[in-house]
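Subject: Structure for you to look at

Hi,

Here is the structure I promised to pass on. Have a look at it first, and then read my notes below.

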Amino acid sequence: MNPSPTLSLEKAELQKLKDFLGGKPSLTILTHANPDGDAVGSALGLFWALKPLGFKLTLACLDPISPAFQFLAGSGEFQTDFDLESSEGLVFLDCGEKRMTRFEDSKPDLFDPKRTIINLDHHPTNDSFGDINFVLPKASSTAEIVTSLLEALELPLTPEISSALLLGLYTDTGSFQHQNTTPSAYAAAAKLVRAGGNISKIAKHVFFSNEFKKFKLWGKVLNNLHVTEDGAAIVGVYKKDYESVGATRADLNGVVDLINSMPESRYTVMLSEDEKGNVKASLRTRNEDVDVRALAEKFGGGGHVKASGFTIPRGHLQKEVKWKIVQE
Ligand SMILES: [Mn+2]
């Protein structure tokens, strides 16, 4: 057995990256819209590692960073727009597909060949769209890939970098509980904790920080939960459900996983109306013989075997009440 399990990064790609970075290009670090902990953590980790080297750095994400992640040093550096013309290199982090930053809508020449694209990701859907690619589907998180990359580039870990990357590892592995919690994920986490990554701060801000409005919303959702005869736990969330308690759709984050902890269900489907007039579906299962990715793909979505989702554009939910007459 390998005594020190770590991700192995392709040497040729590493050399290409070193050559490119050697020219001190201006870089914009991008992550996907609607950023999760791995998107925010991997981007900030890389940002803090490159900052002291004198790069002209920009950090951009189309959507604002969740308040739960704002405890991280530098979270205020994220911009919701950036100047493409002054970026010689673009680093894409945690983007399972190149369109996921959603910056192409406002910047049609995002992928102009005059710019170097660096692509770091762990989603199996990633087609290595970059000029330099570190796509490792076996990695638990993009943060784990960044951890290995910094080691390969001999860049030291600081407490700021470590806490950021640890957030990515922590959230993408479901607090080290999902199947992707490999020996190398633990090894990366150990390295980050040793370098000053603050686990208790992450836990406090991300997992033990629920506002009252969130509980009001979750109460409504749980109250409407329904389990079908074939074991599907289904719940629908109207826009007015979250608006009426002063919450947003983001406050639903986590409730589908809570519902999925129910042993009576084979799989969980949460349908919710988003702010823009679409219906989003989140699917989860704990069952070995249920593949919720296949189910999501039928509706044009995707994801993982145990967690997936899809979007029905321009739709809304309508509750169907079924009646039957039962004779005494
Ligand atoms: Mn990720």
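Let me start with one strand pair: E2 (residues 57–60) and E3 run parallel and are joined by 2 bridges. Within that pair, alanine 60 has glutamine 79 of E3 as its bridge partner. Before you go further, bear in mind that this is a predicted model.

**The parallel sheet**

That pair belongs to an open sheet of 6 strands, ordered E3-E2-E1-E4-E5-E6, with parallel pairing. Which strands stand at its edges? They are E3 (78–79) and E6 (132–135); each has a single partner strand, so one side of each has no neighbour in the sheet.

Helix H1 (residues 11–22) packs on this sheet, where it touches E4 (89–93), E5 (116–121) and E6. The direction of H1 makes about 130° with that of E6. H2 lies across E1 (27–31), E2 and E4, and runs at about 165° to E1.

**From H2 to H5, helix by helix**

H2 also has a helix partner. H2 (residues 37–50) packs with H3 (residues 142–152) at an angle of about 15°, and their axes are 8 Å apart. That angle makes the two helices, H2 and H3, roughly parallel. The crossing of H2 past H3 is left-handed. On the H2 side the contact is made by Asp38, Gly41, Ser42, Gly45, Leu46 and Ala49, and on the H3 side by Thr142, Ala143, Val146 and Leu150. Sorted by class, the residues of this H2 and H3 contact are 5 nonpolar, 4 polar and 1 charged.

H3 in turn meets H4 (residues 159–172): the axes of H3 and H4 come within 7 Å and cross at roughly 140°. H3 and H4 are therefore oblique to each other. Here Thr142, Ala143, Glu144, Val146 and Thr147 of H3 meet Leu165, Gly168 and Leu169 of H4. The class split for the contact of H3 with H4 is 4 nonpolar, 3 polar and 1 charged.

How do the axes of H4 and H5 cross, and within what distance do they come? For H4 and H5 (residues 183–194), the axes come within 9 Å and cross at roughly 155°. That makes H4 and H5 roughly antiparallel, and H4 passes H5 in a left-handed crossing. The residues that meet are Ser162, Leu165, Leu166 and Leu169 from H4, and Ala185, Ala188, Ala189 and Leu192 from H5. In this contact of H4 with H5, 7 residues are nonpolar, 1 is polar and none is charged.

**Domains and the mixed sheet**

According to the domain assignment, the chain has domain 1 (11–207) and domain 2 (212–312). The C-alpha centres of these domains lie 28 Å apart.

There is also an open sheet of 6 strands in the order E7-E8-E9-E10-E12-E11, and the pairing in this one is mixed. E7 (226–227) and E11 (302–303) are the edge strands, each pairing on one side only. Inside the sheet, E9 (residues 267–273) and E10 (residues 279–285) run antiparallel and are joined by 7 bridges. One position to click on is leucine 271, which stands opposite alanine 281 in E10.

Cheers

Notes. Residues are numbered from 1 along each chain as its sequence is written. This is a predicted model: local features need pLDDT of at least 70, side-chain atom pairs count only at pLDDT 80 or more; totals for chains, interfaces and linings use all residues. Axes are lines fitted to C-alpha atoms, for helices over the stretch in contact, and angles run from 0 to 180 degrees between N-to-C directions. Helices (H or I, at least four residues) and strands (E, at least two) are DSSP runs, numbered from the N terminus. Angles under 35 degrees count as roughly parallel, over 145 as roughly antiparallel, 65 to 115 as roughly perpendicular and the rest as oblique. A crossing is left-handed if the near helix is turned anticlockwise from the far one by less than a right angle, and right-handed if clockwise. Two residues are in contact if their C-beta atoms, placed from the backbone, lie within 7 Å. Ala, Val, Leu, Ile, Met, Phe, Trp, Tyr, Cys and Pro count as nonpolar, Asp, Glu, Lys and Arg as charged, and the others, Gly among them, as polar. Two strands pair if DSSP finds at least two bridges between them. Domain bounds come from an automatic or database domain assignment.
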